[in-house]
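Please look over the structure below before reading on. A short report on its backbone, helix packing and cysteines comes after it.

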Amino acid sequence: MRQKRFVAWILLSLVIVSCGDDDDDSPVDTSEDDDASDDNDTSDDDDTSDDDDTSDDDAIDDDAPLALDAVTPDRGGASAITSVTLSGAGFDDSLRVFLGGDQIVDVEVVSANEARVAFGPVDLTEIGPRDVRVVRGGENAGIEDAFTFEFDEDPIVFVHGYVVTASEWDVMIERFRAIGYPEDALWPIAYSSSIQSSRVNARDELAPFVDEVLAATGAERVDIVAHSMGGLSTRLWIRSYGGGDRVLDYVSLAGTHHGTALSCLIPWLGEGSAETCPIYAGEDESVNLVQWDLNGDPDTEDVDETPFGVEDGGGIHWNALRTDADIIDVPSHTCCLNQQFRGDCSDAVNIEVHGVGHIEMAFDEGVFELTRDLLRAHNASHP
């Protein structure tokens, strides 16, 4: 009996010990570890919503309302292309730009707030302000009279010939008005005498007249259109009396550059006539040294007949028109410039027209169109 109790006690002790081991093996309280795991928990992405906001700041907001705030510059020459910057909001690659009623093809969207476009050129009759408008989808925004096309041609000085007045330019001047030249860009000079020396006309009348034109217009240079004996006074002014840096385009119409045999029939009718006789006058023959200073020895290439020309690094584009129907400048090849020998009209500055009389050169429509194109090929915007 006592033995049985002892065995039962042993078994009970084993059970108690076994229960103690189970308590030792019970799961460790990991509540603090769980707190640590919360520290490493990235389910909230470490609250990166601020980072997302930053990326949104750099992106174009497609929902931003379209706006046009400024057009820079706000003006440009009618005869040239003007690069313009548009400032606003809501710009994207679908942006369309309108100048007046015309859509602009050359559009570069730089950002949501800036676009670059190219305006012009336009006909001179269309100078003035234009509305500028931008369109994106169904939205549009604009500024009234945001860009102005300005007249950008050089003022023209018209120089008449022998025994005529400034009125010989009335028809040509009216044609220039019709294509958009304003009144203050057209300047016919009226010499006090149409038969006096070309040297006097150049020094005492043409030089101060051009100064007046430049002061009145604010231009840096003028274009010259000269008829007949006016070709001599304009060339003398350019060569000897300060005109070399004041002319951009020079066009002579039947200019009496190397004299005319006709004037030898009336040498008494003013110094202007005497200076054009004989043709290709040498130094001893040249009255007032007009032909000699302008052309030099007729048989030697010793004088630049087109000084300050662009081909020599100067600023003047020279052109000399002559007509095969000329009965005043006789022979007609005396009207040519840059002659290397008598009768040489091979230089590119010389242009021949056909069937137009000497006097008619000042008001013939075809001559006007040629003159217009020669002058408008260069101006302050594209010299």
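The report starts with the whole chain and then turns to local features.

## Overall make-up

This is a predicted model. The protein chain has 383 residues, and 43% of them are buried. Its secondary structure comes to nine helices and 15 strands.

Contacts across the sequence are frequent. Take the contacts between residues at least 6 apart in sequence: 67% of these join residues at least 24 apart.

## Cis peptide bonds

Most peptide bonds are trans. Two cis bonds are described here, each leading into a proline. One runs from Gly120 to Pro121, with omega near -5 degrees. Pro121 sits in the loop that connects strand 7 (114–119) with strand 8 (128–136).

The other cis bond joins Cys277 and Pro278, and its omega is about -5 degrees. Pro278 belongs to the loop between helix 7 (271–274) and helix 8 (290–295). Cys277 returns below, as a partner in a disulfide.

## Positive phi outside glycine

Most residues other than glycine have a negative phi. Ser228 has a positive phi of about 55 degrees, although it is not a glycine. Ser228 lies in the loop between strand 12 (222–227) and helix 6 (230–240). Is Ser228 buried or exposed? Its relative accessible area is 7%, so Ser228 is buried, given that the cut-off for buried is under 20%.

Asn288 also has a positive phi, near 60 degrees. Its place is in the loop between helix 7 and helix 8. With a relative accessible area of 33%, Asn288 is partly exposed.

## Helix 5 against helix 6

How do helix 5 and helix 6 pack? Helix 5 spans residues 198–217. Its axis and that of helix 6 are 8 Å apart, at an angle of about 65 degrees. The two helices are therefore roughly perpendicular to each other, since angles from 65 to 115 degrees count that way. The crossing of helix 5 with helix 6 is right-handed.

Which residues make the contact? Helix 5 supplies Ser198, Arg199, Asn201, Ala202, Leu206, Ala207 and Val210. Helix 6 supplies Leu232, Ser233, Thr234, Leu236 and Trp237. By type, the residues of this contact divide into seven nonpolar, four polar and one charged.

## Val213 and its surroundings

Val213 is also part of helix 5. Its relative accessibility is 0%, so Val213 counts as buried. What does Val213 touch, leaving aside neighbours within four places in sequence? Its contacts are Pro155, Val157, Trp187 and Val222.

Ala185 offers a distance for reference. Val213 and Ala185 are 28 residues apart in sequence. Their C-alpha atoms are 8.7 Å apart in space.

## Disulfides

A disulfide is a covalent bond between the sulfur atoms of two cysteines. How many disulfides does a search of the whole structure find? It finds two. Counting bonded cysteines along the chain, the pattern is 1-2, 3-4.

Cys264 and Cys277 form one disulfide, with their sulfur atoms 2.0 Å apart. The torsion about this S-S bond is about 110 degrees, so the disulfide is right-handed. The pair links distant parts of the chain, 13 residues apart. Cys264 is in the loop between strand 13 (247–253) and helix 7, while Cys277 is in the loop between helix 7 and helix 8. The partners differ in accessibility: Cys264 is partly exposed at 31%, whereas Cys277 is buried at 17%.

## The second disulfide and Cys335

Another disulfide joins Cys336 to Cys345, with an S to S distance of 2.0 Å. Is this disulfide right-handed or left-handed? The torsion about the S-S bond of Cys336 and Cys345 is about 95 degrees, so the disulfide is right-handed. Cys336 counts as buried, at 1% relative accessibility.

Cys335 is in no disulfide. The nearest cysteine sulfur is that of Cys336, 6.9 Å away. Why is Cys335 not paired with that sulfur? A disulfide needs sulfur atoms within 2.5 Å, so a distance of 6.9 Å does not qualify. At 0% relative accessibility, Cys335 counts as buried.

Technical notes: Residues numbered from 1 in each chain as written. Predicted model: local features only at pLDDT ≥ 70, side-chain atom pairs only at ≥ 80, totals over all residues. Heavy atoms only, no water. Helix = DSSP H or I, 4+ residues; strand = E, 2+ residues; numbered from the N terminus. Buried < 20%, exposed > 50% of the residue type's maximum accessible area, 1.4 Å probe, protein only. Axes fitted to C-alpha atoms, helices over the stretch in contact; angles between N-to-C directions. Parallel < 35°, antiparallel > 145°, perpendicular 65-115°, else oblique. Left-handed = near helix turned anticlockwise from the far one by under 90°. Contact = heavy atoms within 4.5 Å. Nonpolar A, V, L, I, M, F, W, Y, C, P; charged D, E, K, R; others polar.
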